[in-house]
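Biologist: Before we begin, could you show me the model, so that I can ask how each description of it is justified?

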Amino acid sequence: MTEKRPTLTLKPKAPTADTRRGRAAAKGSGPARPGGAAGKGPSGPQGGHGGGRPQGGPGNAPARGQGKPNGPREAARDPAGPRDAGPREGYRGPGGPRETGPRRDDPRGPGNTPPRGTQRIEPAARNDSSRDEGPRLRHSYEVKAPDQRDYRPDLREDSLAFALLGAASSLARVRAGTALPQALAEVFQAYDAQPQARGAMQDIAYRAMRQLGRSGTLLSLMTSKAPEPAMLAGLLECALALLDPPEGSEPPYEAFTVVDQAVGAAAAHPDFAHAKAMVNAVLRRFLREREALVAAALRESLAQWNYPQWWIDAVRTAYPEAWQDILAAGNRQPPLTLRVNRRKTDVDTYMNMLAAAGMRAEQVGPSAVRLAQAVGVAQIPGFADGLVSVQDAGAQLAAPLLDVHDGMRVLDACAAPGGKSGHILELADVDLTALDADARRLVRVDQNLERLGLSATVKAGPAEERGWWDGVQYDRILADVPCTASGIVRRHPDIRWLRRKSDTHQLATLSSKILDNLWQMLKPDGKLLFVTCSLWPQESEAQAAAFAVRHGAVRLDAPGQLLPHSGAGRDHDGLFYALFQKAGA
């Protein structure tokens, strides 16, 4: 899919007195004003497979939940953001040392953020999968002191320099453990960015995150030590991602423009204004020696595939025949896929509506329509009226597999942001309970159901516990459990850098507890659908097989493991489905 370039002017504003004072402060003349402008100061987090998998990336974003730095469920990635309009159903953010237990507010599942404070991002020995680390780049990044990530630069909002600094700030936040959608939300608030600038920042940040291994390796070849602070490294990685697009892609900007604006961005930030000459030298060297530098970088698997080595090894072990295709699929920009609300219209009628609006689209599922060009949800015909929702075509298989009928009592466990809940209610008049451990994310469920003109009982509570349950068993249960979200990295490219190898076991253990607990709440002859957006067998097939043995559950026909796929007539994330029936009384 062709990416639409943000429209930006190319020259930053002339420096103001405040900017000059900030630059002087960076050289030791005194501290710069943290906010950069009146009323701008450090800001807290703002608050995204919701209606489906997160449509992460420019134009669609992200998650399993894209909420706080560590709590995804439907990330990616939420019609309003990178998830349903962007990620799967599940993310989290900075704060304190890494938790020992799983985190619940992360759309992709619990427990995925590296420690804050002093964080090292080190390269692993080649083909060494024994170490369990986060992002592994050749340089070691140590956060020795907090940098001013919330500093608002004195640059024109429609300049590329402004967008580059915002994207660099979001990369620095991801390095500190924040999921990318949340990191961007924090930057948007701190920069008081308008829609045009937000779109440009998001586009650059997602490009950079998909190419982080390659850009980081290139940077290590051109510098003797890691650029500090982390925002400076992020600025260079963002610029390299624009100068070195994936094979077959056109550069989004002219090379001289990127270099000029990156230098201007560095000059506008008090923490590294002194490094503008270095930024200029590194980027110009890359342009002069591109062929040799890229060839040297690609000898490293980190640069070749843009994944940590442990991730590459895990995919290769699980799928020896398809591992290269799976890794490549995770680096592509995801499409914007819609689910047509059959209560209000049908696919043919809606396709005609899109054509009348000048939008090209293709049907990729019974109710799934893929747009040729991603757009904001405000531009989607009929979205505000509930005619469609944003949801990955693979995620749209869940509700039909449940085989719901009018009058049934149904539970959607781990429901936020509510994409599958809405789909279930579109198929039948049922008594639906939408459950999620994070009460804040349930607001999204209410909003999505209200837009669709549907209603459900919305409850906050952990699916592995019973305190929220009224004791009345359900006819159908949808268990879209927390996982590493390894199947939705095209929507949430930051997942690969935030996850650790040990997260797989941790999340599989939590999911097992959830399934065992929910099984007790299912009526005899009832059906439970186990769903995960993971590619790892430990979280999918092995989990399903062990569950069936523990409970004597009858396994019914279901798709099993779906690998990420993009092509004519088909397009979906990597998902797993297992359907079980409980023996009659």
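**Reasoning from values to words**

Modeller: Let us start with one pair of residues in this predicted model: Val 410 stands opposite Leu 432, which belongs to strand 8.

Biologist: What makes strand 7 and strand 8 a pair?

Modeller: Two strands count as paired if at least two bridges are found between them. Strand 7 (residues 409-413) and strand 8 (residues 431-436) are joined by four bridges, in the parallel sense, and they therefore meet the requirement of at least two.

Biologist: Which sheet holds these strands, and in what order do its strands lie?

Modeller: The sheet is open and has seven strands, in the order 9-8-7-10-11-15-12, with mixed pairing. Strand 9 (457-460) and strand 12 (554-562) are called the edge strands because each pairs on one side only. From one strand to the next, the twist averages 15°.

Biologist: Which helix lies across strand 7, strand 8 and strand 10?

Modeller: That is helix 15 (residues 419-427), which runs at about 175° to strand 8. Since angles over 145 degrees count as roughly antiparallel, the direction of helix 15 is therefore roughly antiparallel to that of strand 8.

Biologist: How do you know that helix 15 is mostly covered?

Modeller: A residue is called buried when its relative accessible area is under 20%, and eight of the nine residues of helix 15 are buried. Among them are Gly 419, Lys 420, His 423 and Glu 426.

Biologist: Why is helix 7 called roughly antiparallel to helix 8?

Modeller: Helix 7 (residues 255-267) and helix 8 (residues 276-288) pack at an angle of about 160°, with their axes 8 Å apart. Because this angle is over the cut-off of 145 degrees, helix 7 is roughly antiparallel to helix 8. Helix 7 also passes helix 8 in a right-handed crossing.

Biologist: Which residues meet where helix 7 packs against helix 8?

Modeller: Residues of helix 7 including Val 259, Ala 262 and Val 263 meet residues of helix 8 including Val 279, Leu 283 and Leu 287. Sorted by class, this contact has nine nonpolar, one polar and two charged residues.

Biologist: How do you know that both faces of strand 3 are covered?

Modeller: Leu 336, Leu 338 and Val 340 lie on one side, Thr 337 and Arg 339 lie on the other, and all of these are buried. In a regular strand the side chains alternate between the two faces of the sheet. Strand 3 also has partners, since four bridges join it to strand 5 (residues 368-371) in an antiparallel arrangement, with Arg 339 opposite Ala 368.

Definitions and conventions:
Residues numbered from 1 in each chain as written. Predicted model: local features only at pLDDT ≥ 70, side-chain atom pairs only at ≥ 80, totals over all residues. Heavy atoms only, no water. Buried < 20%, exposed > 50% of the residue type's maximum accessible area, 1.4 Å probe, protein only. Helix = DSSP H or I, 4+ residues; strand = E, 2+ residues; numbered from the N terminus. Axes fitted to C-alpha atoms, helices over the stretch in contact; angles between N-to-C directions. Contact = heavy atoms within 4.5 Å. Parallel < 35°, antiparallel > 145°, perpendicular 65-115°, else oblique. Left-handed = near helix turned anticlockwise from the far one by under 90°. Nonpolar A, V, L, I, M, F, W, Y, C, P; charged D, E, K, R; others polar.
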